[in-house]
Amino acid sequence: MGNIDQLMAFLDSSLTSYHAVENIRKELLRANFVELSEREVWALEKGGDYFVVRNGSSVIAFRVPDCDAGKIRGYHVYAAHSDSPAFKVKENPEIEKEGVYVSVNTEKYGGMILSTWLDRPLTIAGRVCVESERGIETKTVRLKENLCVIPSLAIHMNRDANNGTALSAQNDMLPLLTVAGRERSAKGMIAAMAASALGEKEDSILSYDLFVENCEKAVLAGADDEFIMAPRYDDLACVFAGVKGIVGERSERYIDVLAVFDNEEVGSLTRQGADSTFFRDTLENIADGLGVCANIHRTWKADSFMLSADNAHACHPNQGGKADLTNRPYLNRGVVLKYHGGQKYATDACSAAYVRSLCGRNDIPLQTYANHSDIPGGSTLGNLSMAQVSMAAADIGLPQLAMHSAYETGGARDIEHLIRLAEVFFGQ
């Protein structure tokens with residue numbers, strides 16, 4: 001399989017952050033990385049490849065150079081995030097309506113384009129906590145394809161549907177699950193379905209983190225298959241490139257680090273988010289595991305660099321006026337270097353120069369992005385993680401259209417450029 005086919009398979013199978021990290025874990029184990037536990041003291045070897053998972057939804061992998069610790073210069077970090085906007089399933093979610101329908105009580109997770117979720121085949125996926133003989137176990141789960149749908153109101157009943165009608169997350173966006181039947185109660189239906197999917201007893205499920213997700217497959221589109229259309233392209237495409245990079249290359253003097261954090265879409269203020277201690281704890285555990293004292297570790301951080309990889313807005317074909325006047329990325333024109341005057345992106349002159357030099361020396365096409373000055377943009381995890389561990393950093397990403405749609409569009413050729421950048425970054 002080529003990289004684009006592998007990316008599409010990764011997007012299809014990574015419905016939630018839990019599934020994404022599960023897939024990353026399998027890939028790292030195939031590449032002979034050793035899994036570590038935060039509950040144990042690490043004893044690391046030069047030339048060793050390791051990773052650690054927190055909460056089942058964030059993962060940090062790293063490769064120790066094959067040299068003595070005294071010759072290590074610092075860290076090369078590639079960071080991305082595992083989560084995407086979706087509908088989170090609430091507790092006691094089943095709602096009977098009209099004496100006929102059963103809908104699912106949900107709430108927004110992240111900044112969603114609500115209208116894009118209408119009239120699509122949806123499923124429910126995530127993780128459940130199960131009572132077993134060994135105690136409480138956590139398992140990822142994915143229910144059947146095309147399980148539910150959020151139906152639009154017909155144009156005949158809403159003549160203003162094409163005039164910017166506001167949608168209520170609580171009233172308009174509840175997924176339709178089934179038709180109520182006399183032979184079964186709606187209450188506990190989703191938990192029962194999850195238990196059945198896992199081969200567990202219905203009463204064994206203690207709790208869950210479940211999401212309504214778009215289960216449509218990634219496809220190639222365009223006259224020459226130059227576009228990729230997929231759910232969760234932001235930011236799993238950047239995650240995929242980072243995994244490819246760290247598995248493919250190793251530095252002789254820097255510790256290569258792939259950091260994939262959860263909860264970026266809701267602010268990163270969790271124990272597994274970029275604004276948690278996970279990143280800092282892991283770097284300190286690496287130094288301790290290599291027998292390096294704190295003052296040497298501080299010199300490592302001073303000579304380190306982070307690429308914060310999160311997608312960028314491509315100039316829109318029908319709304320070019322929303323883009324900046326001179327910094328206008330396009331699909332299939334290469335990796336995007338992102339700037340923000342209010343420092344929501346970590347890029348500055350020095351970090352930009354580093355990225356430009358790296359791309360220039362390796363023939364990697366590079367574009368620039370800045371917000372239209374009258375339109376506030378989003379933020380990413382670079383500066384948040386810098387609050388925990390300070391180092392030079394730049395924000396990069398893949399250009400895409402319809403960010404935070406249920407079905408996003410990117411350039412099918414751009415993934416090769418980002419994989420190449422990740423490889424040369426880690427190989428220095």
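Here are three short exercises on cysteines and salt bridges in this predicted model.

**Exercise 1.** Work out how many disulfides the structure holds, looking at C215 and C293.

*Solution.*
- Start with the cut-off: a disulfide needs two cysteine sulfurs within 2.5 Å.
- Take C215. Its closest cysteine sulfur sits in C148, 7.9 Å away, so that's too far for a bond.
- Now C293. Here the closest cysteine sulfur belongs to C67, at 16 Å, so again no bond.
- The final tally for the structure is zero disulfides.
- As for surroundings, C215 is buried at 5% relative accessible area, while C293 comes out partly exposed at 41%.

**Exercise 2.** Find the salt-bridge partners of D49 and say which parts of the chain they link.

*Solution.*
- Go to R63: the closest N and O atoms of D49 and R63 are 3.0 Å apart, and since the cut-off is 4 Å, the pair counts as a salt bridge.
- That pair ties strand 2 (D49) to strand 3 (R63), 14 residues apart.
- Next try R250, whose salt bridge with D49 has its closest N and O atoms 2.8 Å apart.
- This one spans 201 residues, from the loop between helix 4 and strand 13 back to strand 2.
- Check accessibility: D49 is buried at 11%, R63 is buried at 10%, and R250 is partly exposed at 26%.

**Exercise 3.** Decide whether R142 and E145 are buried or partly exposed, and describe their contact.

*Solution.*
- Their side chains form a salt bridge, with 2.7 Å from N to O.
- R142 has 28% relative accessible area, so call it partly exposed.
- E145, at 30%, is partly exposed too.
- Elsewhere, E38, R54 and D281 are joined into one network by salt bridges that share partners.
- Altogether, the structure holds 16 salt bridges.

Note on methods:
Residues numbered from 1 in each chain as written. Predicted model: local features only at pLDDT ≥ 70, side-chain atom pairs only at ≥ 80, totals over all residues. Heavy atoms only, no water. Buried < 20%, exposed > 50% of the residue type's maximum accessible area, 1.4 Å probe, protein only. Helix = DSSP H or I, 4+ residues; strand = E, 2+ residues; numbered from the N terminus.
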